[in-house]
Amino acid sequence: MLLAMVDLPAQDKPTRPPRTPRRGFTRLSRLQTIGVAYLLLGVTLVVQVAGALDPAQVVFLFGLGDGVPQVGVQPAAFTLGTGLLFVLAGVVALGERWTGRYAGVALLVATVLFVPLVLVTSLALSAAGTMNVVPLMGESLRVGTPVALGALAGLYAERSGVVNIGIEGMMLAGAGVGFVVYAVLGAAGGWPLYVSVVVAVAVGGLMAALHALLSVTFRTDQIVSGVAINLLAIGLTSFLRREVLLPLGIGGGSTLPTIEIPLLADLPLVGRSLFVGKPIYFTMFLIFALTQVVLFRSAWGLRVRSVGENPHAAETLGIDVVKTRYQAVIVGGLLAGLAGAWFTLETVGTFDNLITNGKGFIALAALIFGKWRPWSAFGGAVLFGFAEALGRRIQLLDVSVGGFPVPSQFLQVLPFVVTIVVLAGAIGRAIPPASVGVPFERSR
Amino acid sequence: MALQSGADQPGADESRADEASPDVVLEARGITKRFPGVLANDTVDFALRRGQVHCLLGENGAGKSTLMNVVFGLYQPDAGELLVRGEPVRFRSSADAIAAGIGMVHQHFQLVPVMAVWENVVLGDELTRGPLLDRGAARARIAELSERYSLAIDPDAVVGELSVGAQQRVELLKALFRDADILILDEPTAVLTPQEVDGFFEIVRSLLDRGISVVFITHKLREVLAVADEVTVLRGGKAVGRADPRTATQGSLATLMVGRDVSFEVDKAPAEPGAVVLRVVDLTVADDRGVPTVSGLELQVRAGEIFGVAGVEGNGQRELVEAITGIRPSVSGSVAIGGTDVTGWNPRRIADLGVGHVPEDRSKDGLVGPFSLADNLVLNRYHRAEFSRRFVVRRDAVRRNAERLVADFDVRTTGVDVPAGTLSGGNQQKLVIARELSADLSLLIVAQPTRGLDVGSIEFIHRQIVARRDEGVAVLLVSAELDEVLSLADRVGVLYRGRFAEVLDREEATRRRCGMLMGGADQHAEEVA
Amino acid sequence: MSEPGRRDPPGRGLASRLIETYFRAAPVTVPIYAVLTAAAVGSLVILAVGSNPVDAYGALLSGAAGSPGAIAGTLARSTPYIIAALAVAFGFKAGLFNIGAEGQLLMGALAAAWVGSSPALAGLPAVAYLPLVLMAGAAGGLLWGGIPGVLKARTGAHEVIVTIMLNAIALGAVAWVVTSPDPVLLLDTTASVPHSRPMAASARLPELIAGSGLHLGFVVALALCAVVWFVLERTTLGFEIRTSGVSPNAARYAGMSVPRIIILVLAAAGALAGIGGAGEVSGGPNGYLTPGLLRNIGFDSIAIALLARANPFAIIPAALLWGGLLSGAPLMQLRADLSLDLVLIIQALIILFVAADAIVRFLFRVRRPKRDDELGEQAIFAKGWGV
Ligand SMILES: Nc1ncnc2c1ncn2[C@@H]1O[C@H](COP(=O)(O)OP(=O)(O)O)[C@@H](O)[C@H]1O
Ligand SMILES: [Mg+2]
């Protein structure tokens, strides 16, 4: 919800988000609905949680190395304060009619407080008393990498007017086939590893080409085509695994090497956490920067966007809509393939069925959350990365509530819950490319 | 007589068709274009001379846009050939036509609303510096063109936020940017006020001065006489004749266009207004973006009168109608129908008070294309006892209803089980009219009732509306066609920026006065000047 | 121009009438051709891994329908697919893409397992207990379908993403409730492999043919098909659902409440799937719930619903095909030495060819309707993001 409420300066700003004033109290506006939720949460925090927390201070560290800055927080007081703020924000939002734009601002402030609130409470509930925030951020970025790449895969396709719910399948096929090639080549690192990454990328592109064939050429319903892609990827990869990988008996191959970015890796506090990593992780940042430029500053990007907004207008200017959509969908597929390589070739070093575990769908949510803009989508991806990283952290910390440990399943589903909450909060204002999902029929 | 029918064409014209005279810049010979079930162009000949305005006249559906889309390379003709400056050409896409110096402003604007003017203009013909777009150069070029033709366009404005008039000038810019010297304007005046039309003609003349030749598509006779150097009339896909605008009259053109004598006057007796049926007080309504497009509007419509809402589209017409019918919540103010305050009611309750509503977009809002005619004819009353018993639809009743209405309203179809989407536009509209007008009405709201229809359907629908008025129904008519409002309404309100600039009795409502109010001119100041 | 409805004149001779019938039958024939094409492409895969397609398909067929026992097995296997596909098809009719059948099945099964194994209800006779169990399942699914419904109607959150997320959450929830030893909620503490407490005997759906695995749930599934068809095609509610599915705008203008329909349809779809989930715990061979019990049934139902073009009765043969493929696969693996996962590929190919009916129409020379309007409502599945 963080980004959803900030109005980023847009490259091609869609029409202003609606804030439809309504009549009566029975029909709450979206902000008012969120306000009610925050009000309830705030009251719960104040009445229930604050008093129950261990009064001992918890300590946050910011970075690795010497002289790390640290912040001590008194959980009960912090929770109480935050709770009161939530109540306030809720009230301001409920009175949207009178408070006007402050309603959005208040909710935004409260939303930003979510992150420290979750950190403080979980730390207070755990056995440990300290937590280092910088490695947590680093892990969020790393875990968010496939989500971010997947979001870009969706971005290219959807900006050109093709809904892509096949990201998951494209990733899975990339991950699976890429790893099968690697296994066949010996699974021992070195050049076969890079060849396999290239194969994974290409397979993602191929799956995307199939999606384009179905949805652009044959004008199949784009969502149905995406489902078909996902099913095909599942069938294909599990078949290959059974027929090729299992007979080869591949347990764990080696993965892409860790590299350090010169100079940056030596930065105090954050260097080791953020600038030491693996190639696909770093590539992801590059691709984001590149996408921003390509989409909004290049002629091709202009065409892609126009084709997603009004293909008929583009056609009257002599632009080949079909070709442009193919290109965009396939470029996206290549990125999804790279995201697939992240799972098998950069991170795990083996392939299991369904290894992508829904990340492609989360990527889609990040994209929608980011309103089809690269950097906002990146923000969404990192948010989900954070939810997942936090889940792992909490699991390690042995957090327990009322004497019971928080079940691991709760933490595993955390990113999915976050997705729903974020979507419910964000999409009301997200305006997709105008022609996304509409098959284009060439004039004849 | 200035008119010549296509059949007995004198020799002069034939020779022109055979060997193109040097000043013919664009020629179409024997163009035939077929769509599934429709012969849109039937061996049409057409020639445009350098520096002239050639009007393509024909009623809706005559095939004018189709012909020009063929010329512009968007459609591939089934037969016939094109010559540009005497050279035979074959366009595979509009890119080829653009390269040949042809530009087209489409009937429905082909713009990307969320993008800036400069992006819309350069699209497809991008100025680049290295791999990136050269925004500065594009801006400079647009500023220069905008200056030269006095178009007054800010290259950085977002297109969706411009007025329709300005959007149209962006379309012109797109063509000029590509150095078009043959310009096709497809019904360019449909979205303009009468005064804006005059301004537009100025722009057209400045184009001619620079050696650009213009094809001007219209179905408005007045405009033909005002701008044309030459006229070709299309009817039912055929070029049925040419006319010399210096000697032709509106009447003679109309006869040629429709194929029979027509009068655009609607026969109607003077209104006998009764009690106020619709009373709107201080109404404010927001559009989808949350911007109030109706603000503080006051309106009363009496039984037995037609209240016409004139105005350029986008001045709140849609929101006004949707608020009255309960489809869109209002921000403030009240709506009362027959003395009952219906503010905040849902559409069903309002309809059940005897309110009929013919929405402006019949295919999107008025009908469900894949549903049968029978289902479409009960779309808003399947729940009434007449058509359902204990939640189960009475299919025989639905069918009988359809058979009756199809006959009563002269809907041309092969049966009532045919999907509504397969009907022609006129018949689709008759279907909606049949459904809405067959109810027991106290208030009838019709928006753009004849948009895009042929003259026969228009006459039929106009008669139906007047008949309903004569039965004592209060009618609220919203139309972007000023002529339609003036010929049907008993009182006229000119909607400008969400409220009525003035409400006029029919006698006071002249074209000139309404036109001025539509453009937002302070009426008294203008009157004095 | 007011020309009458644009239709071609009907053919005169017998041949042209046959051809006309051939094209009219497209909604039926195209899926069949899609299946054949998928099988053909599948045989290429089989050849590629060095097996014999004829043997493989032969084994598949006899495994699926080679004996009365095999047929009963296929029917049993198809039961949850029929119900879950109904849940998906119901959504399609309203223009909603319910990818959440997976989670709705699970939540239905969870609720049913809870009620069916509750010590408090232990002595209840089957006549009372069985409806209770199925109703619990419906309630569980209703909740899980209602959430995306409410979110879509109130906030515009797209049901595709919300239901996918809810699937994952349902899986987590079931894993926790069923397998968590700390605290014990539904875990059978005596079992070596974690699973839920067993259902009471009177809470289990009886077998139709003893020892065949085919249980009463199959009859329930068939009945539900009829019910769904009736609701959609014959009632005013169905009229509203179909209208808002094809054209939400027209529905709004006609005075229907589209948000209400969205909530209703997704909740009802969830309830349907929930009954399917309940049927599997209570009618399945084990009589208890494991997190993996319903794996992929919800996802495959999407394919089945598409294959059946969202027609409630066509779902039955489509689901039988699906069940047959699955129940025949082990014999294929045994006889032709092919991995079970080949079936997954064939299934994916089927859906691919159904989705891209243009390919099939081209291969088998089935003419495409001139306009989508003429296809009628079947043309509509889901639309973009529809925000
Ligand atoms: N793309 C199309 N597909 C099918 N029919 C079309 C198409 N475009 C136009 N038509 C039909 O062709 C006829 C001529 O249309 P058009 O050229 O748009 O007429 P005009 O511009 O003179 O109003 C109409 O009957 C119309 O319905
Ligand atoms: Mg036209």
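Author: Quick definition before we start: Ala, Val, Leu, Ile, Met, Phe, Trp, Tyr, Cys and Pro count as nonpolar, Asp, Glu, Lys and Arg as charged, and the others, Gly among them, as polar. This is a predicted model, where local features need pLDDT of at least 70, side-chain atom pairs count only at pLDDT 80 or more, and totals for chains, interfaces and linings use all residues. Residues are numbered from 1 along each chain as its sequence is written, and chains are lettered from A in the order in which they are written.

Reader: How does the lining of the largest cavity divide into nonpolar, polar and charged residues?

Author: A cavity here is a set of points on a 1 Å grid over the protein atoms alone where a 1.4 Å probe fits but cannot get out, and lining residues have an atom within 4 Å of a point. For the largest cavity, 22 residues qualify, and B:A351 and C:Y253 are among the closest to its centre. The split is 10 nonpolar, 7 polar and 5 charged.

Reader: Which element gives the most to that lining?

Author: Helices (H or I, at least four residues) and strands (E, at least two) are DSSP runs, numbered from the N terminus. Elements that each supply at least two lining residues include β19 (355–358) of chain B and α10 (248–253) of chain C. With 5 residues, the top contributor is α11(B).

Reader: What is the bridge partner of B:R34 in β3(B)?

Author: Strands pair if DSSP finds at least two bridges between them. β2 (residues 24–35) of chain B pairs with β3(B) in the antiparallel sense over 8 bridges. In β3(B), the partner of B:R34 is B:L39.

Notes. Heavy atoms only, no water. 1 Å grid on protein atoms, 1.4 Å probe; cavity = no way out; pocket = protein on both sides within 12 Å on 5 of 7 lines; lining within 4 Å.
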